[in-house]
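Visitor: Could you pick one part of this model and take me through it closely? I'd like the terms explained as we go.

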Amino acid sequence: MTPPAPTASLPGDDAGASEGAGILLSAAQLHKAYGSTAALDGADFEIHAGEIVAVMGPSGSGKSTLLHCLAGIVPPDSGTVTYRGRVLSQMSDARRSALRRRDFGFVFQFGQLVPELSCLENAALPLRLAGLSRREAESRASSWLERLEVDDVRSQRPGQVSGGQGQRVAVARALAVGPSVLFADEPTGALDSLNGERVMQLLTEAARETNAAVVLVTHESRVAAYSDREVVVRDGRARSMAGAL
Ligand SMILES: Nc1ncnc2c1ncn2[C@@H]1O[C@H](COP(=O)(O)OP(=O)(O)OP(=O)(O)O)[C@@H](O)[C@H]1O
């Protein structure tokens with residue numbers, strides 16, 4: 001059973017206009033340059049609530065930059081990212097940070113767990129930041145560790161667990177806040193194929209049960225196979241594969 005997640009609304013938020021069309025998050029004509037390198041060169045993207053989209057493409061084509069712009073981590077030079085009808089660049093920094101904390105979850109190639117904290121404390125951290133008491137946060141986080149089959153390492157520190165266990169803790173941490181969008185950048189890139197498959201199974205099962213959309217950056221087709229739809233980024237532009245958009 002899926003553990004409970006706290007509701008993730010922001011004070012003063014109400015549903016945005018574009019939600020009627022079912023589009024949760026979209027990007028239009030994103031440009032982003034680093035010096036003379038055009039990381040994004042007119043990228044468009046959209047994802048519906050609960051949809052799992054794999055972002056594929058060659059190394060250096062702009063996949064991670066697209067993910068960072070969609071998540072409001074990196075501001076594009078031009079173009080817009082719209083979440084629930086609101087343009088991210090028009091929000092205050094505080095509001096954008098709150099949105100990232102409460103509506104978005106993140107899993108990266110290397111779990112990026114806090115080494116000084118136990119796995120349980122790591123999984124509970126976003127809930128603590130969202131204002132839950134330690135007891136409540138750890139109780140919810142504990143359910144997610146069970147869901148991801150890593151409850152047995154709850155007291156260990158990240159340095160004491162395997163790469164696959166650490167990634168499952170990272171997935172539990174990302175999903176515990178009940179995100180509307182889970183951003184996963186090469187989530188299995190550091191794992192062997194068996195562990196990678198299991199992490200993808202658990203991640204996608206949990207996302208589907210909680211209706212979280214997933215933006216999944218990967219260069220592996222066996223990982224992309226867990227998605228509903230594939231988008232290919234080439235030379236900073238995103239193109240949907242057959243049957244989509
Ligand atoms: N912070 C940065 N500073 C300078 N250049 C950057 C930065 N981030 C990305 N780039 C450059 O922008 C381009 C796109 O990078 P990005 O990481 O988005 O590609 P990617 O498709 O995710 O690559 P990979 O699959 O290798 O991770 C590359 O040429 C990269 O070197």
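Guide: Let's start with burial: a residue is buried if 20 or more other C-beta atoms, placed from the backbone, lie within 10 Å of its own, exposed if 12 or fewer do, and partly exposed in between. Take Q29 as a warm-up: it has 14 other C-beta atoms within 10 Å, so it counts as partly exposed. Q29 sits in strand β1, residues 23–34, and its phi is positive, near 50°, though Q29 isn't a glycine. By that burial count, 44% of the chain's 245 residues are buried.

Some ground rules. Residues are numbered from 1 along each chain as its sequence is written. The model is predicted, so local features need pLDDT of at least 70 and side-chain atom pairs count only at pLDDT 80 or more, while totals for chains, interfaces and linings use all residues. Here pLDDT is the predictor's confidence in each residue, from 0 to 100. The chain averages 88, with 89% of its residues at 70 or more, and the model scores ipTM 0.97 and pTM 0.88. One stretch to treat with care is residues 5–20, where pLDDT stays under 50. Where pLDDT is low, the predicted coordinates should not be read in detail.

Now, the part I'd pick is helix α1 and the ligand shell it helps build. Helices (H or I, at least four residues) and strands (E, at least two) are DSSP runs, numbered from the N terminus; the chain has 7 helices and 10 strands. For the shell, a residue is near the ligand if its C-beta atom, placed from the backbone, lies within 6 Å of it. That gives Y34, T37, A39, G57, S59, G60, S61, G62, K63, S64, T65 and H219. Two elements, β2 (37–48) and α1 (63–70), each supply two or more residues to this shell, and α1 gives the largest share, 3 residues.

What sort of residues are these? The shell splits into 2 nonpolar, 9 polar and 1 charged. In that scheme Ala, Val, Leu, Ile, Met, Phe, Trp, Tyr, Cys and Pro are nonpolar, Asp, Glu, Lys and Arg are charged, and the others, Gly among them, are polar.

Turn to α1 itself. Because 6 of its 8 residues are buried, α1 is largely enclosed by the rest of the structure. The buried ones are K63, T65, L66, L67, C69 and L70, so K63 and T65 combine burial with a place in the ligand shell. Following the helix comes G72, whose phi is positive, near 75°.

K63 deserves a closer look. It belongs to α1, and it is buried because 28 other C-beta atoms lie within 10 Å. Two residues are in contact if their C-beta atoms, placed from the backbone, lie within 7 Å. Leaving out neighbours within four places in sequence, K63 contacts V55, G57, V217 and V233; of these, G57 is also in the ligand shell. The C-alpha of K63 is also 8.6 Å from that of R234, although the two are 171 residues apart along the chain. For the chain overall, 74% of contacts between residues at least 6 apart in sequence join residues at least 24 apart.
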